[in-house]
Protein chains: 2
Amino acid sequence: MKKPLILITNDDGITAPGIRKLIQIMNTIGEVVVVAPNSPQSGMGHAITLNSVLYSEKITIDDGPQQEYSISGTPADCVKFAVNEILGRKPDLCVSGINHGTNSSISVIYSGTMSAAVEAGIEGFPGIGFSLLDTSWDADFSQTEAIVRKVTMQVLEQGLPKGVVLNVNIPKGKVKGIKVCRQSKGIWAEEYDKRKSPHGKDYYWLTGYFINQDDGDDTDEVALNSGYASLVPVQFDLTAHQAIENLKKWNL
Amino acid sequence: MKKPLILITNDDGITAPGIRKLIQIMNTIGEVVVVAPNSPQSGMGHAITLNSVLYSEKITIDDGPQQEYSISGTPADCVKFAVNEILGRKPDLCVSGINHGTNSSISVIYSGTMSAAVEAGIEGFPGIGFSLLDTSWDADFSQTEAIVRKVTMQVLEQGLPKGVVLNVNIPKGKVKGIKVCRQSKGIWAEEYDKRKSPHGKDYYWLTGYFINQDDGDDTDEVALNSGYASLVPVQFDLTAHQAIENLKKWNL
């Protein structure tokens, strides 16, 4: 059987330990091409670069068999650029991550990691975002290997439903298994940290904490808090279909 | 009746003709606070600023009654910052735009305009994104006024269903009316424009064209192409609920 062509990207930048681990795992599964941002892109959502130009550089970071390209753009840029300028065809799979930190619940919306997986889905090939619930740079990614491998093999074997990509979050420490879930309803409550620059100007850092607003037991938050990895199918048809009939009654 | 508190933002920057027109209209409806980016943020998707700091400046651009703040961040930043640092409470409505160019079909995902409306929805108040299908800086926004006013008044009177915000696109020229639609299935096909810098380095501009992949007659693309404004209810629970039972059968 021909090895699948696997595109790898992330939002923490091409040198992040999370993507290095993902490359290691994928090298045992397929032919790997890495096209990832040259700088951290956390919180970039589904941004693409329209107002400035893109640079691409072929680089070697370790002695693995993968090919690597470092891009001056966002994760979604990386997927578009890879397909059009590097691979010359759609890959069999795009995996993004492993993110240093959670992308569960509403974080999926802000996530650069997931934007790459979603972009893959839009362009018509399977996409998976992987995240570890540990924001530290030297997080222990070895614990993610079994989960990442299992989900990847299932996607390669079964394919994904049309219009669906996967958001996989992995808790810290021993993982009990994988649960298929829905996105928990929740928000990030902001707290701006106001400071004064050495030049006397006020500036702000965005900080915040997550509030889970969902009491269902079938959510990613519940799975993760019980020691399971969560797998949420994510769609990019954003239409709230259930609201259409009601809105048609409006006086428009 | 107390005037509603209306937050206005956009992604083309606080001086864009589209937002100036929106301010003019909203001044006749409520008490207006403008919190908008100090630079163009098109294609920023749901990006938020995590890796750099934010500046906020109170400014006066015209002699209208509105208060205005110019922010060094994305549209989603503007909504978060407005609620936490400027308004001190949730506004009664957030309107974003009027965007110079379309946000129909899959463009909703890349749209900075819509990210502000979605952020409003996440934070629990009604959000509407308005876009005119004309990318030129001096587009004729006068034609949008009746549509913008009608949709805004309906939202203020009826409220929005939970978890739903509105994506309103307005065609150029005479508008026949407003149609409630679903997001058309489509993609942007990329074409990278490769150039060489004066310093001999290759760089790329992202360009592309839209391909509609949907043959349904209930989509935003069909409405817009027939001369109607399109109104799509947009949700931010991205779970593909219909896929969950199938994925549970996987060998995970």
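Five bridges tie strand E5 (residues 93-100) of chain A to strand E6 (residues 127-132) of chain A, and the two strands run parallel. Keep in mind as you look around that this is a predicted model. On its way through the sheet, E5(A) also joins strand E1 (residues 5-9) of chain A through four bridges, again in parallel. Chain A has a partner, chain B, and a rotation of 180° with 0.0 Å of shift along its axis lays chain B on chain A.

**Strand E5 and its neighbours in chain A**

- To find the pairing with E6(A) on screen, look for Val95(A), which stands opposite Ile128(A).
- For the pairing with E1(A), start from Ile6(A), whose bridge partner in E5(A) is Leu93(A).
- Is E5(A) enclosed or open? Eight of its eight residues are buried, so the rest of the structure largely encloses this strand.
- E5(A) also holds Ile98(A), and the peptide bond leading from Gly97(A) to Ile98(A) is cis, with omega near -10°.
- Chain B has a cis peptide bond from Gly97(B) to Ile98(B), with omega near -10°, and Ile98(B) sits in strand E5 (residues 93-100) of chain B.

**Just past E5: a serine with a positive phi**

- The loop between E5 and helix H3 (107-110) of chain A is where you'll find Ser105(A).
- Its phi is near 50°, which is a positive value in a residue other than glycine.
- Why does Ser105(A) count as buried? Because it has 28 other C-beta atoms within 10 Å, and 20 or more is what it takes to be called buried.
- Over in chain B, Ser105(B) has a positive phi of about 50° although it isn't a glycine.
- Ser105(B) lies in the loop between E5 and helix H3 (107-110) of chain B, and it is buried, with 28 other C-beta atoms within 10 Å.

**A kinked helix in chain A**

- Helix H2 (residues 75-87) of chain A isn't straight: there is a kink of about 40° centred on Phe81(A).
- Phe81(A) is buried, and so are other residues of H2(A), including Pro75(A), Ala76(A), Cys78(A) and Val79(A).
- Asp77(A) and Lys80(A) are on the buried list for H2(A) too.
- What comes after H2(A)? The helix is followed by Gly88(A), whose phi is positive, near 75°.

**Strands and a hairpin in chain B**

- Strand E1 (residues 5-9) of chain B has four of its five residues buried, so it is largely enclosed by the rest of the structure.
- E1(B) pairs with strand E2 (residues 31-37) of chain B in the parallel sense, over four bridges.
- One pair to look for is Leu5(B) and its bridge partner in E2(B), Glu31(B).
- Further along, strand E9 (residues 186-196) of chain B and strand E10 (residues 202-212) of chain B pair in the antiparallel sense, over eleven bridges.
- Within that pairing, Asp193(B) stands opposite Trp205(B) in E10(B).
- The hairpin of E9(B) and E10(B) has five residues between the strands, and Gly200(B) takes a positive phi near 85° in this hairpin.

**The nonpolar core**

- The largest nonpolar core has 150 residues, and Ile8(A) and Ile8(B) are the ones that touch the most other members.
- Which residues does Ile8(B) touch, leaving out those up to four places away in sequence? They are Ile19(B), Leu22(B), Ile23(B), Met26(B), Val32(B), Val34(B), Ala36(B) and Val95(B).

**How the two chains meet**

- When chain B is superposed on chain A by that rotation of 180°, the RMSD is 0.0 Å.
- The two copies are thus related as by a two-fold rotation axis.
- Both copies use the same surface: 98% of the contact residues of chain B recur in chain A.
- How many residues are in contact across the two chains? On the chain B side there are 62, and they meet 61 residues of chain A.
- Strand E11 (residues 229-235) of chain B gives the most to the chain B side, with five residues.
- By class, that side of chain B has 37 nonpolar, 17 polar and eight charged residues.

Technical notes: Residues numbered from 1 in each chain as written. Chains lettered and ligands numbered in written order. Predicted model: local features only at pLDDT ≥ 70, side-chain atom pairs only at ≥ 80, totals over all residues. Core = buried A, V, L, I, M, F, W, Y, C linked by C-beta atoms within 7 Å. Buried ≥ 20, exposed ≤ 12 C-beta atoms within 10 Å, placed from the backbone. Contact = placed C-beta atoms within 7 Å. Least-squares fit on C-alpha atoms with pLDDT ≥ 70 in both. Bend = angle between axes of the 7 residues up to and from the residue. Nonpolar A, V, L, I, M, F, W, Y, C, P; charged D, E, K, R; others polar. Pairing = 2+ DSSP bridges.
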